[in-house]
Amino acid sequence: MEITAKQLVANFSQQSINSLNPHPIQTIARQLASSTSPQQEQMASSLPSNIRALLQPDIHSTDLILTSMPLQPTQPNTSEHLIKVLATAPCAGELLWAKNFPGFIPRDHPFVPCFDLSGTVVTAPPASPFQPGAHVYTRTPATRTGNAREYAVALTSELAAKPRNLSWEEAASVPLSALTAYQALFVHGGLAAGWKSEAGRAANGTKRVLITAAAAGVGVWLVQLARAAGVREVVGIAGPQNAEFVKGLGASEVIDYKAQELGEWAKENEKVDLVVDLLGGKTLESAWGTVKDGGILLSVSQPPNTAKPDDRTSKDVQDKFFIMEPDGWQLDEVRDLIEAGEAKPVVDSVWKLEQFKEAFAKVASGHTRGKVIIKVQDD
Ligand SMILES: NC(=O)c1ccc[n+]([C@@H]2O[C@H](COP(=O)([O-])OP(=O)(O)OC[C@H]3O[C@@H](n4cnc5c(N)ncnc54)[C@H](OP(=O)(O)O)[C@@H]3O)[C@@H](O)[C@H]2O)c1
């Protein structure tokens, strides 16, 4: 018997949803029976048994469906928290990860996209600093079920208190991008978090950094964190419509990628200590020519050595590709900078959950300024 595409999607969704947990609401009820917190009991008593969620039924297609799935219970004796998700954010390219990195993204659970979230804690382990009612933000690992759903799960180590001066939508724009930027600059890039130490700030004050897509989701955080850390010069690449915007974030110079090829710029300008590339391809290839001897070339898009030109001149350049880690303590530092007015979120646009196609299409256009946000539900 021939099966239609519609039936295939329906079968997939039902099988995936069934495999998630046969009796989730009963499990949550059992967990709550042992709770002594009236606030926790009150919040949990209003939980639905089924929630709205986005699903990617087929890893070979970037099509998504808006469907219903059971509420995922947290596991007892773990650091899992159940979070009411208020806003989330797609990441460029994420619907191709399962296809392109089959060993990295397990398919033993339904693929719900979007790994950023802002929301309210519903249930928490007894010793957690994030108790029911706490306002949190986080980026959870892409190896787990994502956050484009009304309730999601996050671990203590991944969570941080949401910046008090941000809306839910602004807060959801921060975690993945700011964590990637933080780790590029201060874990892999040889810079010090200059707001924590005078010596680190002084060392950064001799450094010149190049960011290849300075108006991008990650780019806006690279510019702001490098500037907050006291880097001497931050050079950003951006289109002409974003030049003033990127300067306003703290870039000392903006290269207009539509007017000047990066290889040409490298011939006429002082080389940099660190490049952080977000684009790969031709830009990454040209970026090799912008790094000084002993400098660092990072990319979160593609391993730099796969785009290394034959005529590279600088010596002893360290090159690295990395995948960011979700670390709540780094989000604490970012929150402190945001609350102190040293950095700010950049939201390209906000879409309702039912408008997920428009939201993902905007991201796929490759021409967003900051992050595209999906508002999952009201507070
Ligand atoms: N490895 C990791 O852990 C990790 C973590 C986060 C993200 N990533 C990856 O990093 C990449 C960037 O992510 P994102 O969210 O920052 O991207 P994004 O926000 O979707 O990037 C869009 C931005 O790129 C700019 N842009 C496009 N072409 C450009 C060019 N030739 N030169 C300069 N700017 C250009 C656009 O500016 P215009 O409108 O002016 O064109 C726009 O502002 C993605 O591939 C993502 O998957 C990897």
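**Reading a ligand shell, its helices and a set of strands**

In β4, the residue that forms a bridge with V85 is G119.

Student: Before I look at such pairs, what kind of model is this?

Tutor: This is a predicted model, and every feature we discuss should be read with that in mind.

Student: How do I read strand pairing, and which strands are joined to β4?

Tutor: Two strands are taken as paired if at least two bridges are found between them. Here, strand β3, residues 80–88, is joined to β4 by five bridges, and the two run antiparallel. On to strand β5, residues 135–139: five bridges join β4 to this strand, and this pair also runs antiparallel. As one example of facing residues, L117 stands opposite T138 in β5.

Student: Is β4, residues 116–123, mostly covered or mostly exposed?

Tutor: A residue is called buried if 20 or more other C-beta atoms lie within 10 Å of its own. Strand β4 is mostly covered, since seven of its eight residues are buried.

Student: Let us turn to the ligand; how many residues surround it, and which are the closest?

Tutor: The ligand is surrounded by 29 residues, and the closest are A216, G217, G239, V300 and H367. The elements that contribute two or more residues to this shell are α6 (175–188), α8 (217–228) and β9 (233–238), and α8 gives the most, with three residues.

Student: What is the chemical make-up of the shell, and which domains does it draw on?

Tutor: By character, the shell residues divide into 16 nonpolar, twelve polar and one charged. The shell takes at least three residues from each of domain 1 (5–173 + 346–375) and domain 2 (178–321).

Student: How can I check the length of a helix such as α8?

Tutor: One compares the expected span with the distance between the end C-alpha atoms: at 1.5 Å a residue, the twelve residues of α8 should span 16 Å, and because its end C-alpha atoms are 17 Å apart, the two values agree.

Student: How many residues of α8 and of α6 are buried?

Tutor: In α8, twelve of its twelve residues are buried, including W221, Q224 and R227. Helix α6 is mostly covered as well, with eleven of its 14 residues buried, among them P175, Y182 and F186.

Student: What should I look for in the backbone just after each of these helices?

Tutor: Look at the sign of the phi angle: just after α8, G230 takes a positive phi of about 85°, and just after α6, G190 takes a positive phi of about 80°.

Methods. Residues numbered from 1 in each chain as written. Predicted model: local features only at pLDDT ≥ 70, side-chain atom pairs only at ≥ 80, totals over all residues. Near = placed C-beta within 6 Å. Helix = DSSP H or I, 4+ residues; strand = E, 2+ residues; numbered from the N terminus. Nonpolar A, V, L, I, M, F, W, Y, C, P; charged D, E, K, R; others polar. Domains from an automatic or database assignment. Expected span 1.5 Å × (residues − 1).
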